Amino acid sequence: FHAGLLCFQCPQCNDREKFLPEMSSLGIQVPARQPSWEAGVGFTDMYQRHSRCDASLCLYAQGREQAEEEGPWYLLLCSSCAAKGTHRCCSALKDSAATWECEDCAGVSTGKRRTWAPPWSPLGAQGGVGGG
């Protein structure tokens, strides 16, 4: 286990403030470094933010890979998964919209999370997800 000082804490109560000085007084030396699993090249993808418009039709003249700091061409990431993005204008959102949810998370063409209901329930019989 190669986590270094940043992750060194009491295994029972997760305290760091009292635990670190006590371990040091007992002669336990812990290097001040990032966890080894974060230091390698393979982990760098985790720090990259999604940066393209995934709308079926991107309307931005500069292209899917570009965005502005504010306004209609600001790139919003899905508030649930952050794996997809859209320019506000490409998803017909107001310039003040601060959140957006992709179709995978919200359900196709809804803009709201859909609740699953079994077909035999009153909600399912009225056309809920999985209903008739």
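Q: What makes Arg52, Asp54 and Glu65 a network of salt bridges?
A: Arg52, Asp54 and Glu65 are linked in such a network, and two pairs build it up. A salt bridge is a side-chain nitrogen of Lys or Arg within 4 Å of a carboxyl oxygen of Asp or Glu. The side chains of arginine 52 and aspartate 54 meet at 3.1 Å, N to O, and those of glutamate 65 and arginine 52 at 3.0 Å, N to O. Glutamate 65 and arginine 52 both lie in the loop between helix H2 (36-39) and E1, so this pair ties together parts that are 13 residues apart in sequence.

A word on the model: it is predicted, with local features needing pLDDT of at least 70 and side-chain atom pairs counting only at pLDDT 80 or more, while totals for chains, interfaces and linings use all residues. Residues are numbered from 1 along each chain as its sequence is written, and side-chain values use heavy atoms, leaving out hydrogens and water.

Q: Why is the pair of lysine 84 and aspartate 104 called a salt bridge?
A: The closest N and O atoms of lysine 84 and aspartate 104 are 2.7 Å apart, so the pair falls within the 4 Å limit. Lysine 84 sits in the loop between E1 and E2 and aspartate 104 in helix H3, so the bridge ties together parts 20 residues apart in sequence. A search of the whole structure finds 3 salt bridges.

Q: Why is threonine 86 called buried?
A: Its relative accessible area is 1%. Buried means under 20% relative accessible area, exposed over 50%, and partly exposed in between (1.4 Å probe, protein chains only), so threonine 86 is buried.

Q: How do you know that threonine 86 makes a polar contact with serine 91?
A: Their side chains meet at 2.7 Å. A polar contact is a pair of N or O atoms within 3.5 Å; within protein, one must be able to donate a hydrogen and the other to accept it, and residues adjacent in sequence count only if both atoms are side-chain atoms. The 2.7 Å pair is therefore counted.

Q: Why does alanine 92 count as exposed, and what is alanine 82 called?
A: Alanine 92 has 72% relative accessibility, so it passes the 50% mark and is exposed. Alanine 82, at 38%, falls in between, so it is partly exposed. Alanine 82 has a positive phi of about 55° although it is not a glycine, and phi of alanine 92 is near 55°.

Key: Helix = DSSP H or I, 4+ residues; strand = E, 2+ residues; numbered from the N terminus.
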